[in-house]
Amino acid sequence: MSHDLFPAATAEVARHRAELAPEINDAWNAFSKAVFSPGALDEKTKQLIAVAVAHTTQCPYCISGHTKLAARKGASQQEIMEAIWVAAEMRAGGAYAHSTIALDVLDRMGTHSHTAPNGSSS
């Protein structure tokens, strides 16, 4: 028996979700519609942001859905890929930026092991 890791997001699933919590579902749909409506940012830009965020949150449903919506709003494959690269840099940048915390902990512990330019410890 084969079972997908991520079940398909079908109309049946959406209907069931709405039946279980109709008021919340309606509020969610209204919120989503408001967020993605044109404002200071156009719809294409908002969808490109969503594609990038979906990659950082690693939601396969969001990646698929917002990639389709971005393309429908006129985003090119190159624009979508650049948005994904921005997400990758931001996600990796988080580890780089948070190294400040580890370095601060080590400084407060008084561990000052430095590597000299030739690779030897000083």
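# Exercises on a predicted model

Lys46 sits in helix α3, which covers residues 43–57. The model used in these exercises is predicted.

**Exercise 1. Describe the surroundings of Lys46, and state how far away the nearest side chain of opposite charge is.**

Step 1. Lys46 is buried. The cut-off for that label is a relative accessible area under 20%.

Step 2. Leaving out residues up to four places away in sequence, Lys46 touches Ala34, Val35, Phe36, Ser37, Pro38, Gly39 and Leu41.

Step 3. The nearest side chain of opposite charge is that of Glu43, 8.2 Å away. A salt bridge needs a side-chain nitrogen of Lys or Arg within 4 Å of a carboxyl oxygen of Asp or Glu. Lys46 has no salt bridge.

**Exercise 2. Find the aromatic pairs of the structure and classify each by its geometry.**

Step 1. There are two aromatic pairs in the structure.

Step 2. In one pair, the ring centres of Phe6 and Tyr61 are 6.1 Å apart and the planes stand at 85°, so this pair is edge-to-face. The label applies to planes over 60 degrees apart.

Step 3. Now place these two residues in the chain. Phe6 belongs to the segment before α1 (11–20), while Tyr61 belongs to helix α4 (residues 60–72). With their positions 55 residues apart, the pair links distant parts of the chain.

Step 4. Phe6 has 44% relative accessibility and counts as partly exposed. Tyr61, at 38%, also counts as partly exposed.

Step 5. The rings of Trp28 and Phe31 have centres 6.2 Å apart and planes at 55°, so this pair is tilted. Both residues lie in helix α2 (residues 22–36), three residues apart, about one turn of the helix.

Step 6. Trp28 has a relative accessible area of 55% and is therefore exposed, as the cut-off for that label is over 50%.

**Exercise 3. State how many disulfides the structure holds, and give the exposure of Cys59 and Cys62.**

Step 1. The number of disulfides is zero.

Step 2. Cys59 is partly exposed, at 21% relative accessibility. Cys62 is partly exposed as well, with a relative accessible area of 29%.

**Exercise 4. Summarise the protein chain as a whole, from its secondary structure to its surface.**

Step 1. The chain has five helices and zero strands, giving the pattern α-α-α-α-α along the sequence.

Step 2. Of its 122 residues, 12% count as buried.

Step 3. Take the contacts between residues at least 6 apart in sequence: 45% of them join residues at least 24 apart.

Step 4. The chain exposes about 9,600 Å², of which carbon and sulfur atoms supply 63%.

Methods. Residues are numbered from 1 along each chain as its sequence is written. This is a predicted model: local features need pLDDT of at least 70, side-chain atom pairs count only at pLDDT 80 or more; totals for chains, interfaces and linings use all residues. Side-chain values use heavy atoms; hydrogens and water are left out. Helices (H or I, at least four residues) and strands (E, at least two) are DSSP runs, numbered from the N terminus. Buried means under 20% relative accessible area, exposed over 50%, partly exposed in between (1.4 Å probe, protein chains only). Lys and Arg count as positive and Asp and Glu as negative; His and the chain ends are not counted. Contact means heavy atoms within 4.5 Å. Rings of Phe, Tyr and Trp (its six-membered ring) pair if their centres lie within 6.5 Å; planes under 30 degrees apart count as stacked, over 60 as edge-to-face and the rest as tilted. A disulfide is a pair of cysteine sulfur atoms within 2.5 Å. Accessible areas come from the Shrake-Rupley method with a 1.4 Å probe; for residues, only the protein chains shown count as cover.
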